[in-house]
Amino acid sequence: GPDLSAHLHPIALPMLDVAVDPEQRDDNLFLVEDALGLWLSLVRLSPNYSESLGALFPRVQSLLEEDLEHVKVLMMITECYILLGGATFLNLYPTALQSVLIHTVGHVRPRGAAYAFLVLEALMRAYPVEGGQLLLRAGVLGTMLKSCTSFYNEDDHSEPDRVISLYLTTLSRALIASNGIVDSVFAASGDGAAAFGPSELIQLHLRLFGYEVSSTFDGLRQKLWALMLLSLLPPTVSLYGEAIVKHLDKLLHICAAVVGREGENGSLDPYDVGYDDDEEAFVAGEAPYRNLVNKQHEQDIANTTNFRQAFTVRMESLLRVLGPGTSEAVSVGNALVATGRASSSTHTAI
């Protein structure tokens, strides 16, 4: 249990440090997999964050710099560090965390990307402003936008839609917190035949809104995307306003779908990878881990925001800015959202 876990730290942590030391990899190769499982269990079972536990985290970076063989368990460990250590951990190890994400985002297979998203959600769910800036400085948001560009332009080697949808969710969280966060990335990319700018990013959100990432997570994902799109409408000054207004009818159906889904399901579930049949299940410390996730999930903007109220406020502001020309569309949108009528037909409608 948690109490016993803390007592084991003085013995177990130095042993783990040696077992996962890349410079001793040849000697300890047979120990690494078991050591990583033990490390994950210790972090999950720890009653609180400690510097002795934190001091081991740079080994995640070192292991990923060697190869991506253990990316799944390393992502689970990293997620737990963020959940357990919070701002203290992020302030002490921002460079190591950036390196971890640089080595994974855009460089792993779809299943690995699903595990990397555990880290992104733990970071952006609780620290959207600071986390967004960390990802921007690391170039991770830029990597995501490059992948989105490749997918949008239907390049042969682009990442699949299930991965792009995860990237768009991280970008949505970042844009809700700071609507200009990737403006500099767009500016640096320039123009060209395969240009991908603010308008294309909005179109990609609209295009993949109905894609099923996860039967349990899609409700939260779709609400986040809708909140992001609403937040960027005029009178907010952003690079995205014109593109969203141009597709206002699609946005209205999306908002109706979100309301309809909330009415049907009631609660929103946090992201979870789940296990494939051929994957090792890490069950030790599952209960305290779920408690950490749920505690953070309760403070998620998707849970704390009244969507109907947010929609009404944004529509009223839009009407004041754009004038009578939008009154009919806004009235239709208010009616759709009032009934959640588009909930079952949104994918085809947009």
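In the predicted model, I301 belongs to helix 18, which covers residues 301–304. With a relative accessible area of 33%, I301 is partly exposed, because this value falls between the 20% limit for buried residues and the 50% limit for exposed ones. When neighbours within four places in sequence are left aside, the contacts of I301 are R173, I176, L224 and L227. A further relation across the chain links I301 to A126: the two residues are 175 apart along the chain, while their C-alpha atoms are separated by 8.8 Å.

The setting for such details is a protein chain of 21 helices and zero strands. Of its 350 residues, 51% are buried. Contacts between residues at least 6 apart in sequence were also considered, and 78% of these join residues at least 24 apart. The surface exposed by the protein chain amounts to about 15700 Å², of which carbon and sulfur atoms supply 51%.

Helix 7 spans residues 94–104, and its buried residues are A96, L97, Q98, S99, V100, L101 and T104. These buried residues pack against helix 5 (58–66), helix 6 (71–92), helix 8 (110–126), helix 9 (128–138) and helix 10 (140–152). After helix 7 comes G106, which has a positive phi, near 85°.

Helix 10, one of the elements against which helix 7 packs, is itself mostly covered, with ten of its 13 residues buried. The buried set consists of V140, L141, G142, M144, L145, S147, C148, T149, S150 and F151. Among the elements that cover these residues are helix 7, helix 8 and helix 9, together with helix 11 (161–177), helix 12 (183–189) and helix 13 (198–208). The length of helix 10 can be checked against its residue count. At 1.5 Å a residue, its 13 residues should span 18 Å, and the end C-alpha atoms are 18 Å apart, so the two values agree.

Just after helix 10, the backbone at E154 takes a positive phi of about 55°. Most residues other than glycine have a negative phi. E154 is not a glycine, yet its phi is positive. This residue is located in the loop between helix 10 and helix 11. E154 counts as exposed because its relative accessibility is 61%, and the exposed class begins over 50%.

A second backbone feature concerns a peptide bond. Most peptide bonds are trans. The bond that joins P234 and P235, however, is cis, with omega about 15°. P235 is placed in the loop between helix 14 (218–231) and helix 15.

Helix 15 (241–246) also borders the loop that holds H247, and helix 16 (248–265) lies on the other side of that loop. Although H247 is a loop residue, its relative accessible area is 14%, so H247 is buried; the cut-off for this class is under 20%. Leaving aside neighbours within four places in sequence, H247 makes contact with Q203 and L206. The separation between H247 and Q203 is 44 residues in sequence, and 8.4 Å in space from C-alpha to C-alpha.

The largest pocket was examined next. The space in the largest pocket is about 350 Å³. Its lining comprises 16 residues, and those closest to the centre are H70, K72, V73, E280 and F282. Helix 3 (32–45) and helix 6 each contribute at least two residues to the lining of the largest pocket. By class, this lining includes eight nonpolar residues, six charged residues and two polar residues. Helix 6 therefore appears in two parts of this description: the buried residues of helix 7 pack against it, where packing rests on heavy atoms within 4.5 Å, and helix 6 also supplies residues of the pocket lining.

Note on methods:
Residues are numbered from 1 along each chain as its sequence is written. This is a predicted model: local features need pLDDT of at least 70, side-chain atom pairs count only at pLDDT 80 or more; totals for chains, interfaces and linings use all residues. Side-chain values use heavy atoms; hydrogens and water are left out. Helices (H or I, at least four residues) and strands (E, at least two) are DSSP runs, numbered from the N terminus. Buried means under 20% relative accessible area, exposed over 50%, partly exposed in between (1.4 Å probe, protein chains only). Accessible areas come from the Shrake-Rupley method with a 1.4 Å probe; for residues, only the protein chains shown count as cover. On a 1 Å grid over the protein atoms alone, a cavity is a set of points where a 1.4 Å probe fits but cannot get out, and a pocket is an open set with protein on both sides within 12 Å along at least five of seven lines; lining residues have an atom within 4 Å of a point. Grid points are joined across faces, edges and corners, and a volume is the space filled by probe spheres set on the points. Ala, Val, Leu, Ile, Met, Phe, Trp, Tyr, Cys and Pro count as nonpolar, Asp, Glu, Lys and Arg as charged, and the others, Gly among them, as polar. The expected span of a helix is 1.5 Å times one less than its number of residues.
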